[in-house]
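Subject: Structure for you to look at

Hi,

Here is the structure I promised to pass on. Please open it alongside this note, and I'll go through what turned up.

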6 protein chains.
Amino acid sequence: MAPNHPATATVLRSDYQKSVAAYWDNHQQDSVNLLLGDVDGLYHHHYGIGDYDPAVLAGPEEGREDRIIAELHRLETAQADLLLDHLGGVGPDDRLLDAGSGRGGTSFLAHQRFGCRVDGVTISEYQVGFANQQAELRGVADQVRFHFRNMLDTGLETGSRRGIWSNETTMYVDLLPLYAEFRRLLEHGGRYVCITGCYNDVTGGRSRAVSRIDEHYLCNIHPRSAYFQALASNDLIPINVIDLTGLTIPYWELRAKSPVATGIEEPFLTAYREGSLHYLMIVADRVGP
Amino acid sequence: MAPNHPATATVLRSDYQKSVAAYWDNHQQDSVNLLLGDVDGLYHHHYGIGDYDPAVLAGPEEGREDRIIAELHRLETAQADLLLDHLGGVGPDDRLLDAGSGRGGTSFLAHQRFGCRVDGVTISEYQVGFANQQAELRGVADQVRFHFRNMLDTGLETGSRRGIWSNETTMYVDLLPLYAEFRRLLEHGGRYVCITGCYNDVTGGRSRAVSRIDEHYLCNIHPRSAYFQALASNDLIPINVIDLTGLTIPYWELRAKSPVATGIEEPFLTAYREGSLHYLMIVADRVGP
Amino acid sequence: MAPNHPATATVLRSDYQKSVAAYWDNHQQDSVNLLLGDVDGLYHHHYGIGDYDPAVLAGPEEGREDRIIAELHRLETAQADLLLDHLGGVGPDDRLLDAGSGRGGTSFLAHQRFGCRVDGVTISEYQVGFANQQAELRGVADQVRFHFRNMLDTGLETGSRRGIWSNETTMYVDLLPLYAEFRRLLEHGGRYVCITGCYNDVTGGRSRAVSRIDEHYLCNIHPRSAYFQALASNDLIPINVIDLTGLTIPYWELRAKSPVATGIEEPFLTAYREGSLHYLMIVADRVGP
Amino acid sequence: MAPNHPATATVLRSDYQKSVAAYWDNHQQDSVNLLLGDVDGLYHHHYGIGDYDPAVLAGPEEGREDRIIAELHRLETAQADLLLDHLGGVGPDDRLLDAGSGRGGTSFLAHQRFGCRVDGVTISEYQVGFANQQAELRGVADQVRFHFRNMLDTGLETGSRRGIWSNETTMYVDLLPLYAEFRRLLEHGGRYVCITGCYNDVTGGRSRAVSRIDEHYLCNIHPRSAYFQALASNDLIPINVIDLTGLTIPYWELRAKSPVATGIEEPFLTAYREGSLHYLMIVADRVGP
Amino acid sequence: MAPNHPATATVLRSDYQKSVAAYWDNHQQDSVNLLLGDVDGLYHHHYGIGDYDPAVLAGPEEGREDRIIAELHRLETAQADLLLDHLGGVGPDDRLLDAGSGRGGTSFLAHQRFGCRVDGVTISEYQVGFANQQAELRGVADQVRFHFRNMLDTGLETGSRRGIWSNETTMYVDLLPLYAEFRRLLEHGGRYVCITGCYNDVTGGRSRAVSRIDEHYLCNIHPRSAYFQALASNDLIPINVIDLTGLTIPYWELRAKSPVATGIEEPFLTAYREGSLHYLMIVADRVGP
Amino acid sequence: MAPNHPATATVLRSDYQKSVAAYWDNHQQDSVNLLLGDVDGLYHHHYGIGDYDPAVLAGPEEGREDRIIAELHRLETAQADLLLDHLGGVGPDDRLLDAGSGRGGTSFLAHQRFGCRVDGVTISEYQVGFANQQAELRGVADQVRFHFRNMLDTGLETGSRRGIWSNETTMYVDLLPLYAEFRRLLEHGGRYVCITGCYNDVTGGRSRAVSRIDEHYLCNIHPRSAYFQALASNDLIPINVIDLTGLTIPYWELRAKSPVATGIEEPFLTAYREGSLHYLMIVADRVGP
């Protein structure tokens with residue numbers, strides 16, 4: 001067993017984590033992510049931003065499905081690009097961490113852009129295998145590697161990371177220990193970029209639509225305040241915060257009309273439109289000793 | 001407008017609170033609580049404990065529904081009695097608070113037992129009206145009163161309470177400000193009793209069944225740890241903690257077979273049986289200055 | 001003495017506060033702010049953003065000074081407009097607070113835009129007088145009022161504010177008690193907008209240029225981390241954070257070439273260019289009970 | 001020197017710890033614990049619970065002393081059994097820690113019940129020797145081992161424990177570092193059981209009787225609140241709290257009449273009866289990362 | 001009933017406080033404090049510092065007792081003088097608080113020195129009566145007043161105090177709420193002086209001698225660390241800390257040989273000599289808003 | 001590269017630290033410290049205490065400069081002696097740490113006095129070299145060693161230090177991580193002595209004179225409160241606090257008249273005299289586990 005593949009019991013420490021891992025291991029054939037990834041071999045596990053081209057819907061019946069699929073994929077890639085735009089100055093000798101790396105899409109984009117080493121961690125053994133296979137196919141297996149590790153306890157070296165991102169993965173873990181781990185991994189002045197859905201404390205508690213999403217994905221969407229409190233407790237200091245909610249709604253509207261709709265589109269649209277859920281990007285720097 | 005009936009805007013401070021209030025205001029005809037309350041005029045808004053009598057199911061078809069209703073009601077009253085058993089020494093000159101008083105069931109039981117003044121608060125104006133009407137009917141309106149107030153900000157006098165309880169209402173609010181308010185209201189040495197469902201941190205995050213319940217009731221079930229952290233932060237120190245999960249399962253089994261089943265029985269049974277939800281009683285004393 | 005004008009000893013509680021008040025009371029004739037304010041009667045006490053028109057420098061000698069003055073003033077107004085753009089939905093019945101209101105410029109802009117009541121507080125009696133006189137001249141003295149009060153202890157009513165801003169004033173006070181006061185004043189869901197210079201923790205400690213600015217203005221520029229820690233501790237949760245550093249450098253470049261240059265331009269330009277000082281806008285919502 | 005027997009200076013880090021160790025090292029012949037242990041070879045260092053059989057007093061003069069000794073021992077074993085009843089599911093491959101293991105009584109009972117590895121730590125070298133000798137005699141020296149270690153710094157492996165208990169030993173140490181160590185040692189979901197005397201914050205400060213006990217045993221009985229605050233700070237979350245005070249009074253009444261009475265019986269009985277001391281069992285689970 | 005004499009139940013909020021009050025109420029004839037106070041009408045409730053004159057022992061048998069009494073009293077007055085030396089600049093319009101004022105000795109000395117208003121609070125009604133009678137006799141009843149109030153909740157006006165002292169009274173209360181109250185009472189820049197016995201954390205836990213003193217006085221001597229943690233939490237910042245242990249030992253040696261010895265001299269001498277107890281003076285300033 | 005000389009990037013982790021290191025590396029010829037050190041080979045990097053002999057000024061013109069230099073040096077040595085007087089009992093087998101050791105003056109004095117091992121750390125490579133050369137010259141290179149290390153992360157062994165001091169070096173770092181490191185390094189009961197300038201919270205914020213000093217030395221003088229909060233958070237408990245301000249003013253008065261005056265004398269004298277800066281000695285013990 002390779003050093004990046006420890007015993008399952010070490011990685012999955014609670015029943016909840018086992019359930020989440022099982023969920024992703026068993027969604028090997030989930031049509032959305034695979035179909036979209038097949039477009040250009042970048043398999044994303046996150047949503048998209050930006051206006052969609054109305055022509056994909058208006059055009060001829062024939063090919064419409066493929067056009068929608070390609071358009072959704074384009075919006076997802078746009079989201080990953082926006083995330084990477086905010087990683088700050090990254091050089092070829094730096095090392096990055098993709099926390100909750102899924103099938104590896106954002107990791108490959110990061111490597112393309114910065115030419116540096118990228119490590120991804122995920123608790124789904126299936127995803128580790130899939131993504132490492134992609135790395136082989138792309139000929140970057142020595143630069144982009146995926147590990148069967150818990151992002152709360154990555155086993156990576158202290159101070160080894162110039163940058164870390166989490167792309168819609170923080171709703172599966174508690175933020176305080178997560179950011180304690182990121183604080184440990186980042187070098188002084190290192191950067192963290194987070195894109196996430198978070199529920200809106202300003203409107204009060206958890207809305208029905210948010211609980212519906214939690215149930216669907218077996219996750220626990222955090223309130224917005226939890227992010228800023230956990231960051232502040234761990235010397236991760238924002239330099240940029242952008243509310244992407246308005247930018248992501250078109251993606252969901254297109255997806256609701258697409259062949260890959262799963263039914264979770266409506267709760268997302270309801271939550272975003274009623275203001276009970278934000279789609280937020282937080283860019284923060286690691287300060288302190 | 002009486003002093004116990006302030007402007008709606010003061011009591012309902014967020015969209016979420018307005019939604020919760022609307023939920024209860026609009027469930028005026030909810031068959032479960034009303035049907036059960038009609039048995040003996042004690043209208044509960046909580047679940048029951050103890051084994052049910054199998055005879056209520058096994059007996060003749062005729063009257064079975066009534067027998068089940070009566071049995072469910074008996075188990076709910078047993079729960080309220082257990083709660084009151086733990087309120088400690090309460091004298092006729094003491095004052096109690098029912099935090100989230102619903103239609104008033106536990107308040108009336110408390111008055112019967114201790115002969116003292118009881119105040120109930122709820123953010124449902126309908127419930128305030130219903131419960132005060134009951135108090136009139138029972139001839140105790142000078143001793144048991146219900147107020148349209150937020151339990152996070154009751155407006156009651158500092159140090160005025162010998163005892164406070166919350167009977168399955170804490171999942172609608174944040175615990176830290178709630179227990180700050182209870183700390184303020186309780187006299188030194190005063191007692192707080194809480195019965196609540198809380199999700200089990202030991203198994204990890206929020207399970208599907210728990211999210212399903214959250215969605216159904218528009219609530220936010222807290223992890224077990226949140227209770228003990230919020231109590232410790234507010235000088236409320238446990239003297240008794242009892243896991244009632246095993247005791248409440250029969251109630252849900254009976255309810256699942258009853259004419260008042262709403263569909264939420266299955267998530268409850270799943271959550272209790274898989275260990276992702278506890279039904280817990282916490283008894284704590286107010287210490288400190 | 002009006003209720004908005006308490007005894008000096010109550011407002012200025014430490015020698016430091018007395019020194020700061022004296023500084024502003026004695027800069028009644030400071031050419032920069034007055035000259036710029038004379039352009040259109042909006043007297044600002046903050047810096048500007050956006051590119052300046054090179055024509056103001058390149059044009060004929062005659063009138064150049066006036067052109068520069070007008071241009072600097074235009075950039076300062078642009079800054080105040082950006083701030084007000086982020087105050088969120090404000091209605092005519094809402095009330096706002098300008099914390100550290102100087103000669104009242106931003107307050108008048110806010111009233112123009114939202115048509116609502118604005119209160120400004122400052123510890124300079126001279127500024128209170130000047131700004132209230134402006135309010136009289138503008139015929140809005142019943143809507144826009146300035147008070148001789150400490151922003152750490154405004155004496156305003158709890159929960160009375162829909163929005164609060166501080167426009168380059170937070171470097172005169174400790175952030176924890178300041179944001180505790182803002183938390184107290186804001187209604188649930190109320191908004192706070194802060195524009196400030198803060199020193200950059202990522203580069204480490206306080207640079208020489210930053211200390212030079214501190215000495216010049218008798219202030220204490222806080223590290224960036226201090227803002228996010230104090231906000232998180234006081235239920236003020238960011239929804240937008242924008243680094244305005246690049247946008248403010250042109251203003252300082254123009255000012256350095258202007259007749260109102262005071263010598264402090266060089267430390268500002270050094271600090272901004274070397275990255276030891278940020279010019280930051282933080283937009284946060286008041287959550288919690 | 002074996003790895004479980006480090007240099008004295010490492011284990012006993014303060015004068016106070018040296019005094020406590022000396023106390024137990026020098027009480028090698030203390031009649032109470034030895035006499036009672038001789039009954040069946042289980043040497044306890046804690047008190048008992050449950051009603052005693054009045055016949056042991058009422059019976060013939062001859063043999064009364066032995067009957068009393070045996071009865072006290074029976075009640076002490078009942079206490080240890082109750083403690084072990086709450087350790088939750090423990091399998092033969094799990095590892096347990098007896099924190100403050102004395103002469104090893106509870107450790108041997110635990111091994112008998114669960115068939116698993118048990119480590120005990122104590123700062124009395126005499127006790128280590130005595131208990132390890134018992135382990136040899138019982139033929140379980142490979143499974144039950146005692147170490148000359150400070151329970152604040154056991155040197156045991158992180159995450160290695162399924163369960164930990166402290167049986168009347170927490171009054172010798174500060175609770176915050178103790179529970180930080182237990183948090184470190186327990187695996188996720190591991191269980192901690194504590195039986196302890198704690199003084200009652202509800203009645204206020206430390207009573208005379210409690211100080212008398214402190215003086216006698218050179219210990220520092222903590223207030224009840226200190227337990228719950230230290231547990232909450234260390235991710236140890238109660239699932240069961242039982243007040244054993246009423247159950248332990250008979251033990252002390254019998255002991256007061258026994259030949260092994262030491263004079264400390266009266267302060268205990270006074271403290272329990274006046275309510276200034278609780279005899280409490282706390283059962284808590286280790287949550288968090 | 002005067003405003004400074006509220007209902008007993010308000011002042012004595014726990015059984016412990018009632019016991020402490022009863023202790024002092026019932027020690028009306030305690031020979032030590034009364035005999036020493038009779039020397040010059042200054043009745044102290046604290047110990048002394050400085051070397052005693054060996055002549056008081058060596059001199060003729062006749063009058064020795066009186067000489068010893070007078071010498072002990074002189075040393076106690078020296079202690080009170082040292083305390084007052086550190087109160088900083090106090091003017092005739094300032095107001096002081098004697099927290100735990102006993103029979104009023106230090107309060108009268110403070111008034112003599114500064115000519116300002118002094119309030120003393122104590123939970124012994126007997127002491128309130130005795131001290132106010134002394135104030136009448138001295139003709140300063142309009143300037144020096146004693147109140148039946150709990151020092152945790154004095155009812156005095158916020159920010160009304162230039163200085164506060166506690167002379168050996170802090171071992172009867174929890175320090176966090178005590179210093180929260182002092183923080184509330186002191187004006188910005190006000191001063192607090194504390195003389196107290198505290199146990200020495202450096203040697204570890206509570207020694208036998210310290211528990212013996214706790215038992216004797218029904219008090220709870222705090223560790224040294226508790227003082228500095230509670231001060232830091234309440235914006236009370238030391239400017240002077242002096243270890244008076246060496247200076248107080250002669251007082252106890254003389255007292256041990258005096259006719260007013262009570263038996264508690266030996267534990268004090270043991271504790272001071274073995275280093276388990278410090279006699280400490282802390283001088284701190286109130287900072288913050 | 002010796003183990004005490006790690007890669008520069010490890011020691012200097014931020015731009016700020018690099019600037020500070022560069023400052024000291026480039027002040028190799030700074031006349032003050034070198035000239036004074038040449039007197040007797042003890043090169044100090046701190047100021048002095050005590051009255052100067054007026055004869056050094058009043059005497060003949062010839063030799064006056066040398067007399068002043070020698071007198072300033074004498075006062076600096078007196079300061080270092082006072083610091084060492086408070087280190088408590090240190091034996092020849094103990095180890096000490098000089099945190100921010102400059103050219104090594106205090107380290108050599110400590111070794112002379114206690115005969116034990118002393119390690120000094122500094123982020124100036126020039127200073128490391130200079131001080132180690134001095135150690136060679138004095139023949140104590142095996143006992144007194146200087147390391148190119150950051151005092152926030154010394155790399156020294158946990159619990160290895162009997163005593164630590166910082167002599168005017170704490171204004172270059174954040175106190176919380178500094179004292180966390182000292183807590184880690186000190187054995188239980190170990191002692192820390194700090195001499196530092198700190199600004200006076202009682203007067204409020206940072207004065208002009210203090211900012212002027214910050215600018216000159218590229219440092220960040222902390223408020224007094226920051227010291228006591230950071231100590232309390234790290235189990236470092238004061239036993240002695242002395243305000244040395246009055247004792248250091250003569251040194252500055254003499255230095256202002258000396259040939260080594262640098263212009264910073266006036267801000268120091270202003271700050272000390274107006275009360276905005278304290279020169280403080282804090283003596284604290286390491287408690288806790």
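To begin with a pair that might catch your eye: how far apart do the closest C-alpha atoms of chain A and chain E lie? They are 18 Å apart, and no contact joins the two chains. Chain B and chain F likewise do not touch, with 18 Å between their nearest C-alpha atoms.

Before the details, please keep in mind that this is a predicted model. The predictor gives the complex an ipTM of 0.92 and a pTM of 0.91. For chain A, the mean pLDDT is 92, and 97% of the residues reach 70 or more. As a general caution, predicted coordinates should not be read in detail where pLDDT is low.

Now to the pair that does touch, chains A and B. Here 21 residues of chain B are in contact with 21 residues of chain A. Together the two chains bury about 1600 Å², and 48% of that area is on carbon and sulfur atoms. On the chain B side, the residues that lose the most area to chain A are R206(B), R208(B) and E215(B), which together account for 39% of what that side buries.

What holds for polar pairs and salt bridges between these two chains? There are 13 residue pairs in polar contact between chain B and chain A, both residues being at pLDDT 80 or more, while the count of salt bridges between them is zero. Two elements of chain B give two or more residues to the side that touches chain A: helix 2 (15-26) and helix 9 (208-217). Helix 9 of chain B gives the most, with seven residues. By type, that side of chain B divides into seven nonpolar, eight polar and six charged residues.

The symmetry is worth a look too. A turn of 180 degrees, with a shift of 0.1 Å along the axis, lays chain B on chain A with an RMSD of 0.0 Å. The two copies are therefore related as by a two-fold rotation axis. In chain B, S211(B) has the C-alpha nearest that axis, at 2.7 Å. The same surface serves both copies, as 100% of the contact residues of chain B recur in chain A.

Although no salt bridge links chain A to chain B, the structure holds 96 of them over all chains. One lies within chain A, where R212(A) pairs with E215(A) and the closest N and O atoms are 3.6 Å apart. Because R212(A) and E215(A) are three residues apart in helix 9 (residues 208-217) of chain A, about one helical turn separates them.

Happy to talk it over whenever suits you.

Best wishes

Note on methods: Residues are numbered from 1 along each chain as its sequence is written. Chains are lettered from A and ligands numbered from 1 in the order in which they are written. This is a predicted model: local features need pLDDT of at least 70, side-chain atom pairs count only at pLDDT 80 or more; totals for chains, interfaces and linings use all residues. Side-chain values use heavy atoms; hydrogens and water are left out. Contact means heavy atoms within 4.5 Å. Buried area is the accessible area (1.4 Å probe) that two parts lose on being put together, summed over both. A salt bridge is a side-chain nitrogen of Lys or Arg within 4 Å of a carboxyl oxygen of Asp or Glu. A polar contact is a pair of N or O atoms within 3.5 Å; within protein, one must be able to donate a hydrogen and the other to accept it, and residues adjacent in sequence count only if both atoms are side-chain atoms. Helices (H or I, at least four residues) and strands (E, at least two) are DSSP runs, numbered from the N terminus. Ala, Val, Leu, Ile, Met, Phe, Trp, Tyr, Cys and Pro count as nonpolar, Asp, Glu, Lys and Arg as charged, and the others, Gly among them, as polar. Copies are superposed by least squares on the C-alpha atoms of residues with pLDDT of at least 70 in both. pLDDT is the predictor's confidence in each residue, from 0 to 100.
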